[in-house]
Amino acid sequence: MTSSLFIILGLICASAFFTISEIAFAASRKLKLQQLAEDGNQNASKIIALKQHPGHFFTVVTIGLNAVAILGGIVGESALTPYFSEFLSLWLPPASTVLEHTSSVLSFVAVTALFVLFADLLPKQLAMMMPEPIALKIVRPMVLCLRLFKPLVWIFNGLASGLLRIFNLHQPHKDEVTPDDVYAMVSAGAQSGALGKQEHQLIENVFELDTKTVPSAMTTRDSIIYFDRHDDPERIKEIIAEHPHSKFMVCDGTIDQVLGVVDTKDILLRIIQQRDVALCGEALLKTPLMIPDTLTLSETLDSFNASRQDFAVVLNEYALVVGIITLNDVMTTLMGDLVSPYHQEEQIVQRDDNSWLVDGAAPIDDVMRALDIAEFPDAENYETIAGFMMYVLRKIPKRTDSVTYSGFKFEVVDIDNYKIDQLLVTKTPAPLPAAEE
């Protein structure tokens with residue numbers, strides 16, 4: 001009987017080993033293991049190699065757990081039944097059927113409880129708390145088990161793969177890290193405090209560069225200040241003094257007839273040297289970068305990098321100028337409030353706890369953050385809050401037109417030549433329950 005108890009103890013230890021190995025292997029983080037491997041930890045390298053082909057590992061774990069469970073069921077009842085029989089014989093008649101059945105049931109319950117507690121629950125919790133340290137400790141014994149059970153692994157894997165092929169379910173697993181995975185990890189880091197609020201916002205903005213298009217960051221057509229090729233020097237100086245931009249478009253009569261781009265510092269240098277600053281010639285003009293309005297901000301950065309320029313003219317499908325965008329515009333979108341803390345305040349001004357004045361050109365993402373709105377309907381169809389109003393109303397809005405969405409009322413309060421200049425956003429009161437009404 002004593003030998004049976006030692007066998008039960010050994011089976012519990014074996015089951016605990018396979019359980020803790022399975023959970024620690026699955027829960028260990030690949031990035032953490034890669035860092036350890038780069039520092040020279042050979043066990044970490046072995047775990048990474050096993051993770052690349054985990055099928056053999058889990059086959060060994062499955063064989064081990066099932067074998068231990070079967071042996072435990074066979075040995076368990078006979079191991080503890082005599083002890084329970086001796087104890088219960090103090091109250092039940094010796095050698096009776098009731099005593100025999102009761103002892104067997106109690107033995108089964110006791111062995112099951114020991115396996116559940118010490119071979120399953122405790123190992124799993126330990127493995128979840130310290131996956132990488134435990135995985136580093138058990139990898140060498142598991143490699144040995146892989147070698148010992150190699151024939152069985154080959155047989156069972158072959159049978160399983162054959163059955164999957166019969167049902168056309170055999171597809172290789174691709175261990176790829178997607179942007180959603182990184183975004184989820186960053187969000188978890190922000191919630192746990194590992195990432196600061198600004199760091200979290202910066203990483204979110206990086207991913208938004210692939211979804212935001214040029215119109216979300218460009219200077220729109222009606223706000224562009226440009227030179228006409230026939231402007232005299234006094235007019236050029238006046239424009240530069242009133243609008244001190246670093247670069248200006250030079251057009252021939254209309255904004256859609258773009259001749260080039262001129263750098264303000266080149267004009268100022270000519271003024272200092274008392275040289276001619278007329279724009280009729282081509283001495284001052286540079287060929288502008290032309291990009292379509294369908295590009296994402298990430299693609300715009302690539303265009304700037306390829307052309308070695310930081311200023312681009314944005315054209316629509318009819319080759320009409322719809323705006324201009326600079327490298328600074330893209331970086332401001334990327335860095336957000338880190339470099340432009342007052343940018344949002346200029347377009348979204350909170351009047352009190354329940355109302356905001358919002359510029360019609362405010363990007364929809366900024367409005368979502370300011371009002372804590374999860375999403376706007378069909379947001380891929382517009383870039384600004386003015387676009388949202390036009391999309392929902394299905395017309396050119398006029399003053400006092402309003403839309404109620406997500407607990408807010410968006411009302412047009414100012415129109416400038418058919419353009420929504422300003423909106424008043426107010427919280428709408430929550431509907432009262434029927435009994436209160």
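**Strand pairing, helix α6 and buried residues**

In strand β12, Q422 is the bridge partner of D359. The model described here is predicted. D359 belongs to strand β9, residues 355-359, and β12 covers residues 419-427. The two strands run antiparallel and are joined by five bridges.

β9 and β12 belong to an open sheet of five strands. The order across this sheet is β8-β9-β12-β11-β10, with antiparallel pairing. Two strands stand at the edges: β8, residues 348-352, and β10, residues 402-405. Each has a single partner strand, so one side of each lacks a neighbour in the sheet. From one strand to the next, the twist averages 20 degrees.

The pairing of β8 with β9 is also antiparallel, and four bridges join these strands. Within this pair, V349 stands opposite L357 of β9. The connection between β8 and β9 is a hairpin, made through two residues. β9 is thus bridged to β8 and to β12.

A helix accompanies the sheet. Helix α16, residues 385-393, lies across β9, β10, β11 and β12. In this group, β11 spans residues 408-416. The helix runs at about 95 degrees to β10.

A further set of pairings centres on strand β7, residues 321-326. Five of its six residues are buried, so β7 is largely enclosed by the rest of the structure. Strand β1, residues 219-220, runs antiparallel to β7 and is joined to it by two bridges. Strand β6, residues 311-315, pairs with β7 in the antiparallel sense over five bridges. I324 of β7 takes part in both pairings. It is the bridge partner of T219, and V313 stands opposite I324 as well. β6 and β7 form a hairpin with five residues between the strands. In this hairpin A319 takes a positive phi, near 65 degrees. Strands of a sheet pair through backbone hydrogen bonds, either parallel or antiparallel.

Helix α6 was examined for length and bending. The helix comprises 18 residues, 131-148. At 1.5 Å a residue, the expected span is 26 Å. The end C-alpha atoms are 25 Å apart, which agrees. α6 nevertheless bends by about 40 degrees at V139. A proline, P141, follows within four residues of the bend.

Burial is recorded at many positions along α6. The buried residues are P131, E132, I134, A135, L136, I138, V139, M142, V143, C145 and L146. V139, the site of the bend, is therefore one of the buried residues of this helix. An α-helix has 3.6 residues a turn, so residues three or four places apart point the same way.

Some residues near the bend in sequence meet a residue of another helix. N43 lies in helix α3, residues 42-52. Beyond its neighbours within four places in sequence, N43 is in contact with L136, V139 and R140. N43 has a relative accessibility of 15% and so counts as buried. L136 and V139, two of these contacts, are buried too.

Two cysteines were considered for burial. C145, in α6, has 13% relative accessibility and therefore counts as buried. C251 is also buried, because its relative accessible area is 0%. The disulfide count comes to zero, the criterion being a pair of cysteine sulfur atoms within 2.5 Å.

Definitions and conventions:
Residues numbered from 1 in each chain as written. Predicted model: local features only at pLDDT ≥ 70, side-chain atom pairs only at ≥ 80, totals over all residues. Heavy atoms only, no water. Pairing = 2+ DSSP bridges. Axes fitted to C-alpha atoms, helices over the stretch in contact; angles between N-to-C directions. Contact = heavy atoms within 4.5 Å. Buried < 20%, exposed > 50% of the residue type's maximum accessible area, 1.4 Å probe, protein only. Expected span 1.5 Å × (residues − 1). Bend = angle between axes of the 7 residues up to and from the residue.
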